[in-house]
Number of protein chains: 2
Amino acid sequence: MKTTIKDISKYCNVSVGTVDRALNNRPGISSQTKEKILQAAEQLSYHPNHTGRSLAKGKTMTIGVVCFDFYNYFFPELINTIEARAKEKGYFIYLILTHRNFDMERDGIRYLCERQVDGIILFPIGMDKGYVRELERMGIPIVTIYNKLDSHFPFVGVNDRQAMEDAVEYIVSKGYKHISYVTPELESQEKEGLNTYTLQQRLQGYLNGMKKAGLEDIQVLEKGSIEEKTDLLTKNISLKGKTAVLCLCDSYAIQVLDCLQSRKISVPDQIGLMGYDNIDALKYIKPRLTTIKYSVMQMGQAVTDLLFQSIQDPEFTAEYILDYSIVEGDSL
Amino acid sequence: MKTTIKDISKYCNVSVGTVDRALNNRPGISSQTKEKILQAAEQLSYHPNHTGRSLAKGKTMTIGVVCFDFYNYFFPELINTIEARAKEKGYFIYLILTHRNFDMERDGIRYLCERQVDGIILFPIGMDKGYVRELERMGIPIVTIYNKLDSHFPFVGVNDRQAMEDAVEYIVSKGYKHISYVTPELESQEKEGLNTYTLQQRLQGYLNGMKKAGLEDIQVLEKGSIEEKTDLLTKNISLKGKTAVLCLCDSYAIQVLDCLQSRKISVPDQIGLMGYDNIDALKYIKPRLTTIKYSVMQMGQAVTDLLFQSIQDPEFTAEYILDYSIVEGDSL
């Protein structure tokens, strides 16, 4: 038979209220009594019925995290921080990886909704108005990160456009006359109606930076594999003058670096390289990549804290934009 | 008011059974009717009550994953695979990171138990008999990975001892006379009663390999930071003759490599280096690390599949030991 709080109170000869204080870590109880009660709870194999408790409180103390995948090291770094912050506040997390597939995202969110999570941290890949309305109708607090979805949902991010504009200015200051930009394919994603907010912002930053610097030689490499992009990059490299390549993220930059090195093209002697995100793995990669840095810990804490505020106040909305800076490596 | 299956059946003028067929993706319904019902379900904001449904079926279609952390890239790679496999079977996952803290592990498992997950994939850090009994009493299927806990629980892993023995043999075949071993601190973890199964197996493999090769110059570097370990490694290096260092995992090996390179000590010219795990990040690190490889995808699928078997059959138990091989890099 299942042990109840009453069983523990009888066993320890204390009131039900005292048992409740001990089990829920509330004040008004001596540490000795608390210890006794916790030991009894263990001996009697007491397990609170969380489903019942959560229905009573209207909270499941669970949040959902709907993320893309873990291939880009940036994401597990961020989830590490989110998980730690949530745990600090007594919350546990559901993890759903969408692999940037809209159906997986929608199914995942529906599932979380059915499981009555208290809120969701969403890296959105969906974006259309119908989808936004669907999410609003669910009535669950949602905070967005990486891609923006709608002003209705709080958002955490970096001013990607300005950061990429600054990156171009920085590269130009190093004497580069040609700057190419590497990004995942945008057109096909847009055709599918997917959310490309961050990709767009970063691309726009590159274009703005080029315009500001008076550089007309725009080269956006979005189609094909990293190998194919590297082929295009390195074509006529010696004829062109000092050339650099700016990548939308470090994960791409280290792949480009690998391709260049396997072709015996030296970075930065023959071509300059810059990334974005300052992922942990850069510590181990030579030459040290020049990149854009922001605090992943701050980002993870901010998105989790905004979600807690949204859980408290369903009308709450805010944007949290993180500071960034350029990390001067050895790749430019 | 909450939309029910009856509302949808009225709205579409079909039977409740037909609605159920459409919503649960069962055969015996035309694709046209199915489409109509799914659209109606969306328009009417229908959300199945998963809690009710799971109580009826006795399943929540949720599994818990209790892992250490994401600092070692091996773990997110594995979780990626586990999540994908679970999703294939219609399961969602709770993620709990314990940071190798026993209290966090125990609290996490209790929480999962309260949330009535169907099963748990556990990277155990706890190990004592009382804890094993506690887990057994919970009556939830648990499959262990990385560290063994008790023969009662299915386990997935690599024959680490044999693999490390083979690693030593391989290093010796490359002409090395001195082989040091780098591992996290074992003694303090053992004193705290923590589970060091994998650490022990790998260390034992090194010791066995050294014995078999007739090398008596055992050097196990477990205390201090990576910098301090590297100091000890490189002391008298030129006097000693051809020296290599074997690390318990790639995550340590790339840190040692970084320390060596920052001291201008060349790998493999001045010192040889070997890791274990063949993590993805190695692709981008020069020189290419020699390491032990096994299939992370196979490991993730195996542990998830064993858990599904345990959910079907509470008496099920098994050990799944993966094949491994040596990846010949440029670091020896």
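**Exercise 1. Cysteines and disulfides**

Begin with C249(A), which is buried, with a relative accessible area of 6%. This is a predicted model, and the task is to work out how many disulfides a search of the whole structure finds, and why C249(A) has no such bond.

*Solution.* Step one is to look for the closest partner: the cysteine sulfur closest to that of C249(A) belongs to C247(A), at 7.5 Å, which is too far for a bond. Step two is to set this against the cut-off, since a disulfide requires two cysteine sulfur atoms within 2.5 Å. Step three turns to chain B, where the sulfur of C247(B) has its closest cysteine sulfur in C249(B), 7.6 Å away and therefore again too far for a bond; C247(B) is itself buried, with a relative accessible area of 0%. The search over all chains accordingly ends with zero disulfides.

**Exercise 2. The contact between the chains**

Describe how much area chain B and chain A bury between them, and state which elements and residue classes make up the side of chain B that touches chain A.

*Solution.* Start with the area: the two chains bury about 4600 Å² between them, and 53% of this lies on carbon and sulfur atoms. Of the area that chain B buries against chain A, 16% is supplied by E114(B), R115(B) and Y284(B), more than by any other three residues. Next count the participants, which are 50 residues from chain B and 50 residues from chain A.

The polar side of the contact comes next: 16 residue pairs are in polar contact across the interface, both residues being at pLDDT 80 or more, and the chains share two salt bridges. One of the salt bridges joins the side chains of K286(A) and D258(B), at 3.3 Å from N to O.

Then assign the elements: among those of chain B that each supply at least two residues to this side are α4 (50-57), β2 (92-97) and α13 (250-262), while the largest share, seven residues, comes from α6(B). Sorted by class, the residues of this side divide into 20 nonpolar, 14 polar and 16 charged.

**Exercise 3. The surroundings of N195(B)**

Determine whether N195(B) is buried or exposed, and where it is placed in chain B.

*Solution.* First locate N195(B), which sits in the loop between α9 (187-191) and α10 (197-212) of chain B. With a relative accessible area of 4%, N195(B) is buried. Its side chain has a polar atom 3.1 Å from the backbone nitrogen of Y197(B). Finally, leaving aside neighbours within four places in sequence, the contacts of N195(B) include P124(B), M127(B), N147(B) and L149(B).

How values were computed:
Residues are numbered from 1 along each chain as its sequence is written. Chains are lettered from A and ligands numbered from 1 in the order in which they are written. This is a predicted model: local features need pLDDT of at least 70, side-chain atom pairs count only at pLDDT 80 or more; totals for chains, interfaces and linings use all residues. Side-chain values use heavy atoms; hydrogens and water are left out. Buried means under 20% relative accessible area, exposed over 50%, partly exposed in between (1.4 Å probe, protein chains only). Buried area is the accessible area (1.4 Å probe) that two parts lose on being put together, summed over both. A salt bridge is a side-chain nitrogen of Lys or Arg within 4 Å of a carboxyl oxygen of Asp or Glu. A polar contact is a pair of N or O atoms within 3.5 Å; within protein, one must be able to donate a hydrogen and the other to accept it, and residues adjacent in sequence count only if both atoms are side-chain atoms. Helices (H or I, at least four residues) and strands (E, at least two) are DSSP runs, numbered from the N terminus. Ala, Val, Leu, Ile, Met, Phe, Trp, Tyr, Cys and Pro count as nonpolar, Asp, Glu, Lys and Arg as charged, and the others, Gly among them, as polar. Contact means heavy atoms within 4.5 Å.
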